[in-house]
Amino acid sequence: MLSDSAKKPTLASGRRELRELVDTCDAIADRKFNPFFLDVKLGVETLRQFFPLWKTFEDHCMDAHTLNRLSEVVRLQNTQLKFQSSALYADPEFIVRKVEHMSEKRLVEVLLQSWHPLAELEQLTEETVTHALSYWDTLLPIAERWKKRQSNEGKAPTSISDETLTGLGVHGEEFNKQINRLYEELRIACENGKAADYWTFARRSTYQETVHRAYLISFLITYGFARLRTEDGNLSLIPIDRPTGKAAANSISFPIPVPRSN
Amino acid sequence: MENKESTQTQTFYSDKLKRAMHLLLFRRGKMPGAKEWEFKEKIGKNYEQVLEQLNQLLSELDLEIKKVKEHTPAYATQNEIPTDESRYYITLKGTLGIKEAKMIGWRIDNLAALAAAVAFLLSKQGKAPREDLEKLLSNKFGRWKSVTLVDIFLRTGYLEEDDAGVMSLGWRTQSEIDLKALMTRMAEVKL
């Protein structure tokens, strides 16, 4: 590092060398390197070598700063020597190797033999009581909190068996029978060649039955058993002679609200 | 007359003992224990004698009063008066077994990591970059766990970290761990 600049010391090389020296000293102060990594004597010689070249105030400040950092390294070297002569000294590599090879249980045993935990008690203070009271004042009754929990927490997704789905009328033999029966009903309703009014066809005496028929009609339309036509706000159904039984690729979603009143 | 005087002294002392015990046991600020000036204020000039007497009583319960010198923080400005005061704590005189350590809320792997971290920092004269410490712990406990462990030790006061990311031993390590004993035990372990 010094050999090139020793041959031909220039202002630029001097400034660079000092910056490098300060960086090294800072790294040592941050415990990234051993303090003895730096040859302090060589550092001082470098300072002496470049001192006649300094021109500006900043150069002299840099020179003083470098000297200050070097003195910090000397202090750290002194501390290390004192530490090495103390009972606490152990080579870091030795400790790393020990930690890597020791079992967790052995490490715990070592700690427990030298560990004397603190004894203390936690207690109420005026401040904690004030906090507790303000928390209590803003706290909703338990029934309200549970209501909030129930509305916020949905049930986790679960799987459902084929039997249950058939029982609910979602699919299976029973569901197909219902669809076919409704399809036949629609064909009969349209025997005269006219389209059947949607609401006349779907509506039944109870709301529950009406919703159930509307639900089945949606399947008739989706799977190509019937076509839904809208004309001046009126909905009508037309059965298809040769149903495909498959969902149309270009189908659109058309929500039909089922009102409660007749 | 003499009897009356001795009774008065006894009462006087037991009252001071109670006050000293309260100061030591009940946490008032962020840290447990009490500072020297608190004892001077609440007990008087002879607080050291009171603490000595209390220590004798506590030793029967496997407890002892420990005096730890508080250092001035590194970030303190030059104008600040250095707080060269001591803090007193009550600590366990003996040691705990593994089962007892578990019962007071410590996980075994966390304690093992604490032993490794403290021994490592001590070997580095009490200071090391956080990356170096995490690297040591990650070899043993895994990358993510090592980060969490260092955070736990910082939170509980066993370690400290400065703005430059340099780790050092915290106030709790100084108060609770017999560092010489720890290093001796580490050295004694046969691989």
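This is a short tour of a predicted model with two chains, A and B, stop by stop.

**Before you click**

Residues are numbered from 1 along each chain as its sequence is written, while chains are lettered from A and ligands numbered from 1 in the order in which they are written. Because the model is predicted, local features need pLDDT of at least 70 and side-chain atom pairs count only at pLDDT 80 or more, whereas totals for chains, interfaces and linings use all residues.

**Stop 1: chain A as a whole**

Colour chain A by secondary structure and you should find 12 helices and 3 strands. Helices (H or I, at least four residues) and strands (E, at least two) are DSSP runs, numbered from the N terminus. Of the 262 residues here, 16% count as buried. A residue is buried if 20 or more other C-beta atoms lie within 10 Å of its own, exposed if 12 or fewer, and partly exposed in between, with C-beta atoms placed from the backbone. Among chain A contacts with a separation of 6 or more, 58% link residues 24 or more positions apart. Two residues are in contact if their C-beta atoms, placed from the backbone, lie within 7 Å.

**Stop 2: helices 3 and 4 of chain A**

Select residues 40–50 of chain A, which is helix 3, then add residues 57–84 of chain A, helix 4. The axes of helix 3 and helix 4 of chain A come within 10 Å and cross at roughly 170°, so the two are roughly antiparallel. Axes are lines fitted to C-alpha atoms, for helices over the stretch in contact, and angles run from 0 to 180 degrees between N-to-C directions. Angles under 35 degrees count as roughly parallel, over 145 as roughly antiparallel, 65 to 115 as roughly perpendicular and the rest as oblique.

Now show side chains. From helix 3 of chain A come Val40(A), Gly43(A), Val44(A) and Leu47(A); they meet helix 4 residues including Asp63(A), Leu67(A) and Leu70(A). By class, this contact holds 7 nonpolar residues, 2 polar and 1 charged. Ala, Val, Leu, Ile, Met, Phe, Trp, Tyr, Cys and Pro count as nonpolar, Asp, Glu, Lys and Arg as charged, and the others, Gly among them, as polar.

While you're in helix 3 of chain A, click Thr46(A). Is Thr46(A) buried or exposed? Thr46(A) is buried, with 23 other C-beta atoms within 10 Å. Try a distance to Leu18(A): 28 residues away in sequence, its C-alpha is 8.1 Å from that of Thr46(A).

**Stop 3: helix 7 of chain A**

Jump to residues 126–138 of chain A, helix 7. This helix is hardly covered, with 0 buried residues among its 13. At 1.5 Å a residue those 13 residues should span 18 Å (1.5 Å times one less than the number of residues); the end C-alpha atoms are 19 Å apart, which agrees.

**Stop 4: where the chains meet**

Bring both chains up together: 36 residues of chain A are in contact with 50 residues of chain B. On the chain A side, helix 4 (57–84), helix 5 (92–101) and helix 6 (104–112) each supply at least two residues. That side divides into 19 nonpolar, 7 polar and 10 charged residues.

**Stop 5: chain B and its strands**

Hide chain A. Chain B has 9 helices and 6 strands, and buried residues make up 31% of its 191 residues.

Pick strand 3 of chain B, residues 86–92. Strand 1 (residues 34–35) of chain B joins strand 3 through 2 antiparallel bridges, with Lys35(B) opposite Arg87(B). Strand 2 (residues 63–69) of chain B pairs with strand 3 in the antiparallel sense over 7 bridges, and Leu63(B) stands opposite Leu92(B). Two strands pair if DSSP finds at least two bridges between them.

Next comes an open sheet of 3 strands in chain B, antiparallel, in the order 4-6-5. Strand 4 (127–129) and strand 5 (159–161) stand at the edges with a single partner strand each, so one side of each has no neighbour in the sheet. Neighbouring strands are turned by 30° against each other on average, direction ignored. Strand 6 (residues 166–169) of chain B takes 3 bridges from strand 4; Lys127(B) has Ser168(B) as its bridge partner. Helix 6 (residues 130–141) of chain B packs on the sheet, touching strands 4, 5 and 6, at about 85° to strand 4.

**Last stop: helices 5 and 7 of chain B**

Select residues 108–123 and 143–156 of chain B: helix 5 and helix 7, packed at about 80° with axes 10 Å apart. They are therefore roughly perpendicular. Asn110(B), Ala113(B), Leu114(B) and Ala117(B) meet Leu149(B), Ile152(B) and Phe153(B), a contact of 6 nonpolar, 1 polar and no charged residues.
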